[in-house]
Amino acid sequence: MTEDPLVRFEGVRKSYDGVQAVKGIDFEIGRGEFVAIMGPSGCGKTTTLRMLAGLEAPTDGTITIDGRVMNDVSAHERDTPMVWQSLALFPFLNVKENVEFGLKMRGVTAMDRHGRAMLWLERLGLKGFEKRRVDQLSGGQRQRVALARCLVTEPQMLLLDEPLSALDAHLTIRMQGVLTRLQKELGITFVYVTHSQSEAFAMADRVVIMGHGEIAQIGKPQEIFRNPRNRFVAEFVGRNNILPGERPGQEIVVAADRMQVSPTAPHGHALEAEFVSEEFAGTSIICYFEGPQGEELKAQVSEDQLETLGLLPGKRFWLSWAPEAAHAMESA
C-alpha cells in the first residue's frame, strides 16, 4: 500500500457490450510518484488511464482522487490533463497559443496567460519558437509543446498515453530524460501508459503490469525484472529462461544475463542445449539455444565470449546458472 495515496482504484471493472476490458483492479498511486502502466495490446492499460481521466466511466468499483470519488465527475472537471499519443496539438494555433489554450478555457487573463506560457516554453527549451506553427516543429519539439500545454495549468497529476511511441529512438531517450527531470523537479504525480519495457523501467518509480484486464504484478522495475511473479510477467519482461521447478506447480526463472555458456559439462545446475542463433543487443549478444525438450533458452554473452566459444548453429553447449540466480514462481 502507498503511504500517501493520491489515487485509489478499488474493485474497478469496465465492460463493453458484456466483454470485460478491466476485471476488478485494485491499486494505489502515491503523491509525487511516477507510475507506469504497461502490458501488451488489449491488456486494459489504456482503458484504465481513460477511466482515471474521466473519459470512460467504470462499470463497477470506485476511483478516488485526493479523497474524492470521481466515478461521475466529468473529464473537464478533473485536474488530470493528458499528453496523447497523437499529441492532439491544434494546427490552426501557433506554439504559444497551443500552450495558452488550457489557461484561456479557465478564464485566465491574457497578460497572465502570456507570462505563464513563456515561462514554460523557456523551461522546455522552446524560447524563440512561440510564433511557429506546430507543423514547422520537429517531433521532439511538438512533444515538448504538448507537455507545456498540460503543465502550464500546474496540475497535481499528469496522464501520459504512450507519448513517445512516434519518436525516433534517439529522441525517445532524450524525452525520457526530459520527463524524468520534470517529474522530479515539479513533484507532480505522473501516470504513464506504455507497451515499452525500456521506457517504463527507465523512468518509473513503480510499474503496474497488466494482462487480460487484470494486474499481473506491481513493483519497482528491478524487482519485477529480477523477481517476476508468474509466467505471464516473466515472458512479457523477456529474456528470461523458464525451467521446471522442484515441485509440481512451480517454475524457475533465470535471466539470460545470468546464464553461463560452456563447451563442457560444469558442476551444479546445468543442461545441454543446441545453439540456434544470436541477436546483437548493443554491447552484448543474446544467444538462442534449443533445450532437451525443444524449449527456447537464452544466454547473454559479450562479443569476446562469442568468438572464444565458437558458437555455430547445430553445435551443442552446456548452459549453467548459480542457485542464487534462479527465482522460483508459481506456474499458474
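**Overall architecture and packing of the predicted chain**

The chain holds 9 helices and 18 strands, where helices (H or I, at least four residues) and strands (E, at least two) are DSSP runs numbered from the N terminus. The model is predicted, with local features requiring pLDDT of at least 70 and side-chain atom pairs counted only at pLDDT 80 or more, while totals for chains, interfaces and linings use all residues. Residues are numbered from 1 along each chain as its sequence is written, and side-chain values use heavy atoms, leaving out hydrogens and water.

Some overall figures help to set the scene. Along the principal axes, the C-alpha atoms fill a box of roughly 75 × 45 × 35 Å. Of the 332 residues, 50% are buried (under 20% relative accessible area, with exposed meaning over 50% and partly exposed in between; 1.4 Å probe, protein chains only). The accessible surface comes to about 16,300 Å², and carbon and sulfur atoms account for 49% of this area (Shrake-Rupley method, 1.4 Å probe). Among contacts (heavy atoms within 4.5 Å) between residues at least 6 apart in sequence, 64% join residues at least 24 apart.

Turning to the interior, the largest nonpolar core comprises 47 residues, and L147 and L158 have the most contacts inside it. Such a core is a set of buried Ala, Val, Leu, Ile, Met, Phe, Trp, Tyr and Cys residues joined through side-chain atoms within 4.5 Å. Helix α4 (residues 139-151) supplies the largest share of this core, 6 residues. Leaving aside residues up to four places away in sequence, L147 touches V83, L124, L158, L160, M175, V178, L179 and L182. Another core lies apart from this one and has 26 residues, including L6, F27, C43 and L159.

Helix α2 (residues 95-105) offers a closer look at one buried position, V99. The relative accessible area of V99 is 0%, so this residue counts as buried. With residues up to four places away in sequence again set aside, V99 touches A117, L121, V145, A148, R149 and V152. The C-alpha atoms of V99 and L89 are 9.2 Å apart, with the two residues 10 apart in sequence.

A strand pair completes the picture. Strand β12 (residues 250-255) runs antiparallel to β18 and is joined to it by 5 bridges; pairing requires at least two DSSP bridges. Within β18 (residues 326-330) the side chains alternate, with H327 and M329 buried on one face and A326, A328 and E330 pointing to the other and not buried. Opposite H327 stands V253.
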